[in-house]
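Biologist: I would like to learn how to read a structure, one feature at a time. Please give the general idea, then the case at hand.

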Amino acid sequence: MENEKEKESQNQKKKGIKKTRALKNNLFACGLLCRICPSLVAHKGISRALGYFEWLFYSAFFMRYVINALETGESFRRIMIFIGIVAAVFCSMSLYNSILNGRVYPIAQAVVNKGLYRKLFRKSRNVELECFENSEFYDKYTLAMEKADDRLIQTVDVVFGAAFGAIASICAFVFMYQVDKISVLFILFPVIGNFVFNRKNSHLDYQRNKDMAPYNRRIAYINRVMYLPEYAKEMRLTDVFSLMKEHYREAITGVADVTKKYTKRAMLLHWLYVMFTFTFIFEGLLIYGAYRTLVSQTMSLPQLAVITSMMVSTTWILIGFTESLTELFKNGLFIEYLRTFLEYKEKIPEDTTGDDPGTEIRSIEFRDVSFSYKDEEVLSHLNMEFRGGKTYALVGHNGAGKTTLIKLLLRFYDPTEGTILLNGRDIREFDLKKYRALFATAFQDHRMFSMSVLDNVVMGENISEQEKEAKVVEALKLSGAYDKVMSLPKGLKTTLTHEFDDQGAVLSGGEFQKIVVARAFVKDCPFKIFDEPSSALDPIAEAKLFDNIYESCRENTLVFISHRLSSVQNADWVYLLSDGTVKECGNHKMLMEQNGLYADMYTKQAKNYLAVSEYKTPAANPEGGVLA
């Protein structure tokens, strides 16, 4: 039953959101922008109101007054005073808009950018890791983040456009009714043009863009591949370019086919929209006015001039109103993503408070822990313990659950069943930031930031400026990256990657990995985790790194994740994971004596190492030939 409801909910999301929800979302956007920059909201409202006022005033009052004044013989002086006052008012309005566009809006844009992205960044920092691994949530997150400040301001502007447009449309209808009751009927033409044919045209555009989306994605992908550096080598060493060209040709053909499919309907709808919105009302009103003025002589020329002017204003007011209304519902979907993200209730908030765990780790125990991800069980009734000051190794094939176990330990996730205990207490009772401060990690899937080497090692840790450089140098020496870093143009101050600095350094995979390992060395904490710390290193560098890790972390609780069993045989205790649970445990000697999975894996790896070591390159003989 729950699955059926979930499917129904997903289907509704695919179709779009309801109009009432869209309207509420737009009001949410207004409230959000009011909290960030209330002055901008006020200026947007005033600007929109003045814009519609200008249309109505000119056609409904200004033109009527001037024509009536001329017809009744009003003095030239009074007419010019009225025109002068109107000109001064309109000049003031124009000056106000110039100030808005030249000064107020650029400053307000920066305020909105700062305030909105502060909220978004705070939220993204606070949501649990699972959100970034959930494709549906992540898609909404990226859509919410993309040009969010511009789109939020645009949404509020559109809300005022729709609100004041509706008021202006009603006023225009009333004014025209006062001048000539029958002329009001001509307003039906632009109403039909905008609300019927323009709406159908919008639906057609949506459907056409939807059908084009797969082809446009293919085109965008190929365009991206053609200039990204990571594809450059393959493009030059293979003939993959011909395949890409063929895919591009197929995508372009697909776009053309979709365009042809909708061309006739689009042309017809656009023609009907133009005819009803402009031609029928203008031509029809002129014919009606000419008949009343010249044939039946029931309308004066001043009345005809006022009605014609009113019709022009009313038409553009209706067009502005309908466009705002259409954008209102379009923006409702963007705000839905933004609102969903900002209102999301975190399962494991990063700002979770609780008891102080202290700085001592006597034991961490996994007690009957199970964990499922997307209804698939990853860990099943797992039991293990890490005692303070000991060295542990987690081994097993890919997918055995080693990395998931570490994520649970760091409380990126909470177990589906069972508990994790720190010094006998459930880790969920502790302040999350203080709990995580107990751990230093060097992950295999590391990332380098476009910052200096120093900052990439320290990673914002609270280390005094006097000690920072010395600690980083020591950490880099232990990881084996020191000589390479000091050979860079600016040493520790060298920026990594070319993202923001053309002179930045791009290191090899092994060198980057050493810097990641240095992050774990530099952090002062009781528990250190190394996830495949030597996967990109040569055997000599690997042996030296493990010696340094064992030596420098003697006082720490140490956990390795490694596929190379030769590097973990000195661990105090080894856990072999398979199918999401502990299959074997013990020290290296005990596990070899068990002659089980661990012994089998170790023996196979050892044979490979022996096969390599037994092959020797013949040495040169000074007297000629080779030495056997």
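Modeller: Start with one residue: Glu 246 has a relative accessibility of 36% and counts as partly exposed, because buried means under 20% and exposed means over 50%. Keep in mind that this is a predicted model.

Biologist: Which side chain does Glu 246 meet in a salt bridge?

Modeller: The general idea is that side chains of opposite charge can pair when their charged atoms come close. Here Glu 246 meets the side chain of Arg 249, with 2.6 Å from N to O. Both residues belong to helix H10 and are three residues apart, about one turn of the helix. Arg 249, at 43% relative accessibility, is also classed as partly exposed.

Biologist: Which residues do salt bridges with shared partners join into one network?

Modeller: Arg 125, Glu 350 and Arg 436 are joined into one network in that way.

Biologist: How many salt bridges does the count come to?

Modeller: The count comes to 24 salt bridges. One of them joins the side chains of Arg 21 and Glu 336, at 2.8 Å from N to O. This pair links distant parts of the chain, since Arg 21 sits in helix H2 (residues 19-36) and Glu 336 in helix H11 (residues 301-342), 315 residues apart.

Biologist: Is Glu 336 buried or exposed?

Modeller: Glu 336 is buried, because its relative accessible area is 16%. Its partner Arg 21 has a relative accessibility of 28% and counts as partly exposed.

Biologist: What does Asp 180 pair with?

Modeller: Asp 180 and Arg 292 meet through their side chains in a salt bridge of 2.7 Å, N to O. Asp 180 is in the loop between H7 and H8, while Arg 292 is in helix H10 (residues 240-295), so this salt bridge ties together parts that are 112 residues apart in sequence. Asp 180 counts as buried at 8% relative accessibility, and Arg 292 is buried with a relative accessible area of 16%.

Biologist: Now the surface. Which residues form a nonpolar patch there?

Modeller: The patch consists of Ile 182, Leu 185, Leu 188, Ile 192, Phe 195 and Val 196, which together have about 490 Å² of accessible area. Take Leu 185, found in the loop between helix H7 (148-179) and helix H8 (188-227). Leu 185 is exposed, because its relative accessible area is 53%.

Biologist: Where is Ile 219 placed?

Modeller: Ile 219 is in helix H8. At 12% relative accessibility, Ile 219 counts as buried. For sequence against space, Ile 219 and Ala 232 are 13 residues apart along the chain, and their C-alpha atoms are 18 Å apart.

Biologist: How should I read a sheet?

Modeller: In general, strands of a sheet pair through backbone hydrogen bonds, either parallel or antiparallel. In this model six strands form an open sheet with mixed pairing, in the order S6-S7-S8-S3-S9-S10. Its edge strands, each pairing on one side only, are S6 (439-442) and S10 (581-586). Direction ignored, neighbouring strands of the sheet are turned by 20° against each other on average.

Biologist: How many bridges join S3 to S8, and in which sense do these strands run?

Modeller: S3 (residues 391-395) and S8 (residues 557-561) run parallel and are joined by four bridges. Tyr 392 has Val 559 of S8 opposite.

Biologist: What do S9 and S10 form?

Modeller: S9 and S10 form a hairpin with two residues between them. In the turn, Asp 579 has a positive phi of about 55°. S9 (residues 573-578) pairs with S10 in the antiparallel sense over five bridges, and Leu 577 stands opposite Val 582 in S10.

Biologist: Finally, the cysteines. How many disulfides does the structure hold?

Modeller: The structure holds zero disulfides. For Cys 553, the nearest cysteine sulfur is that of Cys 525, 8.6 Å away. Cys 553 is in no disulfide, because a disulfide needs the sulfur atoms within 2.5 Å. Cys 553 counts as buried at 3% relative accessibility, and Cys 131 counts as buried at 4%.

Definitions and conventions:
Residues numbered from 1 in each chain as written. Predicted model: local features only at pLDDT ≥ 70, side-chain atom pairs only at ≥ 80, totals over all residues. Heavy atoms only, no water. Pairing = 2+ DSSP bridges. Axes fitted to C-alpha atoms, helices over the stretch in contact; angles between N-to-C directions. Patch = residues over 30% accessible without salt bridge, like charges linked within 9 Å, V, L, I, M, F, W, Y side chains within 5 Å. Areas by Shrake-Rupley, 256 points an atom, 1.4 Å probe, with all protein chains shown as cover. Salt bridge = Lys/Arg side-chain N within 4 Å of Asp/Glu carboxyl O. Buried < 20%, exposed > 50% of the residue type's maximum accessible area, 1.4 Å probe, protein only.
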